[in-house]
Amino acid sequence: MTDDAYLVLLNGTAVTLGVPPAAVGELACMETPAVRAWLQAQGVTATSPDLRLVPPEETAALPEDAERLPVPLGEEELSRVHLHTAPHDIARMEEELLAYRSHTDGREALLVRALAAGVPAHRIAELTGEDLAAVKALAH
């Protein structure tokens, strides 16, 4: 696994990875000279249906022959990518987890529901600021 997100051209591949960059809103990396030059070299625009933004944890599944460019994403940008790439139920649960820091009641119940919904413990800890060991302890 890599720590970089990637812009990838998935020409005609059956695998649906990542998310179209336009779906996650404004991304600072899309305005960089490197990204603009790469898009131009590939003959595509930022709204091309073959262009996908793939988060770090999905990059191992990329086809070896896929054209790709590592891109820097801020924490908030990466969080938006995760919300768009997660299945709907998990995305909804992740939105609740993001609001978690302002909750005072039902915090543990929310963590348990998130684990039961399939949100990975490391992602719960990331979204809530809770200690990973404490989140993992709730899973047992």
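Me: What counts as a contact here, and what share of the contacts in this predicted model join residues at least 24 apart in sequence?

Reply: A contact means heavy atoms within 4.5 Å. Among contacts between residues at least 6 apart in sequence, 70% join residues at least 24 apart. The model is a predicted one.

Me: What is the overall make-up of the protein, and in which order do its elements run?

Reply: The protein has six helices and three strands. From the N terminus on, the order is β-α-β-β-α-α-α-α-α. Of its 140 residues, 39% count as buried. The protein exposes about 8,000 Å², and carbon and sulfur atoms supply 53% of that area.

Me: What makes strand 1 and strand 2 a pair?

Reply: Two strands pair if at least two bridges are found between them. Four bridges join strand 1 (residues 5–9) to strand 2, and the two run antiparallel. The condition is therefore met. Within this pairing, Y6 stands opposite V54, and the bridge partner of V8 is R52.

Me: How do you know that strand 1 also pairs with strand 3?

Reply: The requirement is at least two bridges, and five join strand 1 to strand 3, again in antiparallel fashion. One of the residues involved is L9, whose bridge partner in strand 3 is E67.

Me: Why are strand 2 and strand 3 said to stand at the edges of the sheet?

Reply: The sheet is open, with three strands in the order 2-1-3 and antiparallel pairing. Strand 2 and strand 3 (67–71) each have a single partner strand, so one side of each is left without a neighbour in the sheet. From one strand to the next, the twist averages 20°.

Me: Why is strand 1 described as largely enclosed by the rest of the structure?

Reply: A residue is buried when its relative accessible area is under 20%. Five of the five residues of strand 1 are buried, so the strand is largely enclosed. Both of its faces are covered, with A5, L7 and L9 buried on one side and Y6 and V8 on the other. In a regular strand the side chains alternate between the two faces of the sheet.

Me: Which residues of strand 2 point one way and which the other, and are they buried or exposed?

Reply: In strand 2 (residues 51–54), L51 and L53 point one way, whereas R52 and V54 point the other way. All of them are buried.

Me: Which strands does helix 1 lie across?

Reply: Helix 1 (residues 33–42) lies across strand 1, strand 2 and strand 3. Relative to strand 3, helix 1 runs at about 175°. Angles are taken between N-to-C directions on a scale from 0 to 180 degrees, so a value of about 175° describes nearly opposite directions.

Me: Why is T32 called partly exposed?

Reply: Partly exposed covers the range between under 20% and over 50% relative accessible area. T32 has 28% relative accessibility and therefore counts as partly exposed. T32 lies in the loop between strand 1 and helix 1. A polar atom of its side chain lies 2.8 Å from the backbone oxygen of C29. T32 and V71 are 39 residues apart in sequence, and their C-alpha atoms are 9.6 Å apart in space.

Me: Why is S79 called buried, and which residues does S79 touch?

Reply: The relative accessible area of S79 is 14%, and the cut-off for buried is under 20%, so S79 qualifies. S79 lies in helix 2 (residues 75–85). Leaving aside residues up to four places away in sequence, S79 touches L98, R123 and L127.

Me: How do you know that the buried residues of helix 4 line one face?

Reply: The buried residues of helix 4 (residues 107–117) are L110, L111 and A114. Seen down the helix axis, they fall within an arc of 100°, so they line one face of the helix. The face turned away from this buried side carries the exposed residues E108 and A116. An α-helix has 3.6 residues a turn, so residues three or four places apart point the same way. Just after helix 4, G118 takes a positive phi of about 100°.

Me: What makes helix 5 mostly covered?

Reply: Six of the eight residues of helix 5 (residues 121–128) are buried. They are A121, R123, I124, A125, L127 and T128. Just after helix 5, G129 takes a positive phi of about 85°.

Note on methods: Residues are numbered from 1 along each chain as its sequence is written. This is a predicted model: local features need pLDDT of at least 70, side-chain atom pairs count only at pLDDT 80 or more; totals for chains, interfaces and linings use all residues. Side-chain values use heavy atoms; hydrogens and water are left out. Buried means under 20% relative accessible area, exposed over 50%, partly exposed in between (1.4 Å probe, protein chains only). The arc is that of the directions from the helix axis to the C-beta atoms. Accessible areas come from the Shrake-Rupley method with a 1.4 Å probe; for residues, only the protein chains shown count as cover. A polar contact is a pair of N or O atoms within 3.5 Å; within protein, one must be able to donate a hydrogen and the other to accept it, and residues adjacent in sequence count only if both atoms are side-chain atoms.
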